[in-house]
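User: Please take a close look at one part of this model, the surroundings of the annotated binding site, and describe how it is put together.

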Amino acid sequence: MASGKLIVLTGPSGVGKGTLVRSLLVRHPELYLSVSATTRSPREGEIEGKDYYFLNKSAFETMIEQNQLLEWAEYAGNYYGTPRTKVEEKIDQGLIVLLEIEVVGANSIKDSFPDALRIFILPPSLEELEHRLRSRKTDTEEAILRRLERAKEELKVSEEFDQRLVNDDLEIALQELEGAIFSD
Ligand SMILES: Nc1nc2c(ncn2[C@@H]2O[C@H](COP(=O)(O)OP(=O)(O)O)[C@@H](O)[C@H]2O)c(=O)[nH]1
Ligand SMILES: Nc1ncnc2c1ncn2[C@@H]1O[C@H](COP(=O)(O)OP(=O)(O)O)[C@@H](O)[C@H]1O
C-alpha cells in the first residue's frame, strides 16, 4: 500500500488556519486531522479527545520525557503537543495526516519527521490579520495585542518552510492548499 504523508499547517493566530482545515476536511473527509494534547483548560463546548486531549502540566511533562510527542511548544502560557503514536499509525495505513500547529513546533517537525511537508499560511497584511483577530471576537484586547506581537516574530521565519501560501481569497487559498497536499 502507498505510504501516507504528514502535512503541517502553520502561521500566525487569526490567519485562517482553522477555517482552511475545516473546509479541507469537508471536501476531503479521508484526510486525518491529528488531535493535540494541551495543558490549556477546555473552552465551552470543547470535547476531550476530539478538540484536544486536556492534560495537567505533570501529565504533559511525562509525555515529553517518554518521547511520546512528535513536537511540542509553549504558547500563551500553556503547553501544546502532537501525540506521536496515532500520527505514525495513520501514516503507516497510507493516510494523509494534517497537523494544525503554531510556528515553533511546526518548524521543529523537520527534526523528528524530515519527510513532512511544512506549509506556512501568510495573511495578506498585518492590518488584515488584526482585522481578522478582532472580527473573530474570541480574544480579549490583551490577547489580541499579544498575538499580533508574536505574529511579527513568526512572519520573520516563514521562509524556513517548504511552502508559503497567502490566505487572501479563501477559495483560492484552499485550491492552492489542495494543490500542495495532493501533488506528489
Ligand atoms: N506546537 C503545537 N501547537 C499547537 C498544537 N495544537 C494546537 N497548537 C497551536 O496552539 C495555538 C493556540 O491554540 P488554541 O489555544 O486552541 O487557540 P486558537 O487556535 O487561537 O483558537 C494555535 O496556534 C494552535 O495552532 C500542537 O500540538 N503543537
Ligand atoms: N480568506 C479569508 N478572508 C477573510 N476572513 C477570513 C479568511 N480566512 C479566515 N477568515 C476569518 O478570520 C478569522 C480567523 O480565522 P481562524 O480560522 O480562526 O484563524 P486561526 O485558526 O489561524 O487562528 C475568522 O473570523 C475567519 O472567519
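Analyst: Two strands are said to pair if DSSP finds at least two bridges between them. The model described here is predicted.

By that rule, β1 pairs with β8: the two strands run parallel and are joined by four bridges. Within this pairing, Leu9 has Ile119 in β8 as its bridge partner. On β8 there is also a pairing with β9 (residues 163–166), again parallel and over four bridges. Here Phe120 is matched with Arg164 in β9. Strand β8 itself covers residues 117–122, and five of its six residues are buried, so the strand is largely enclosed by the rest of the structure.

The annotated site comes next. An unreviewed UniProt entry gives the feature "binding site" at Gly11, Pro12, Ser13, Gly14, Val15, Gly16, Lys17 and Gly18. Two of these residues can be followed in detail. Gly11 is located in the loop between β1 (5–10) and α1. A residue counts as buried if 20 or more other C-beta atoms lie within 10 Å of its own. Gly11 has 28 such neighbours and is therefore buried. Apart from residues within four places in sequence, the contacts of Gly11 are Lys17, Phe120, Ile121 and Leu122. Of these, Phe120 has already appeared as the bridge partner of Arg164.

Gly14 is found in the loop between β1 and α1. With 23 other C-beta atoms within 10 Å, Gly14 is buried as well. Once residues up to four places away in sequence are set aside, Gly14 touches Leu129, Arg132, Leu133, Arg136 and Arg147.

Ligand 2 brings some of these names together. Its surroundings hold 13 residues, of which Gly16, Lys17, Gly18, Thr19 and Arg132 come nearest. The elements that contribute two or more residues to this shell are α1 (17–27), α5 (126–136) and α7 (170–182). By type, the shell has three nonpolar, seven polar and three charged residues. Gly16, Lys17 and Gly18 are also among the positions in the UniProt feature, while Arg132 is one of the residues that Gly14 touches.

There is a second ligand to place. Ligand 1 is surrounded by 13 residues, and the closest are Ser36, Tyr80, Ile101, Glu102 and Gly105. The elements giving two or more residues to the shell around ligand 1 are β5 and β6. This shell is made up of four nonpolar, five polar and four charged residues.

Strands β5 and β6 belong to an open sheet of four strands, in the order β4-β3-β6-β5, with mixed pairing. β4 (53–54) and β5 (69–75) are at the edges; each has a single partner strand, so one side of each lacks a neighbour in the sheet. β4 is paired with β3 (residues 37–38) in the parallel sense, over two bridges. In that pairing, Ala37 has Tyr53 in β4 as its bridge partner.

Two helices pack on the sheet. Helix α3 (residues 84–92) touches β5 and β6 (78–83), and its direction makes about 30 degrees with that of β6. Helix α4 (residues 103–112) also touches β5 and β6, with its direction at about 155 degrees to that of β5.

Technical notes:
Residues numbered from 1 in each chain as written. Chains lettered and ligands numbered in written order. Predicted model: local features only at pLDDT ≥ 70, side-chain atom pairs only at ≥ 80, totals over all residues. Near = placed C-beta within 6 Å. Nonpolar A, V, L, I, M, F, W, Y, C, P; charged D, E, K, R; others polar. Contact = placed C-beta atoms within 7 Å. Axes fitted to C-alpha atoms, helices over the stretch in contact; angles between N-to-C directions. UniProt positions renumbered as here; feature names shortened; annotations may be inferred. Buried ≥ 20, exposed ≤ 12 C-beta atoms within 10 Å, placed from the backbone.
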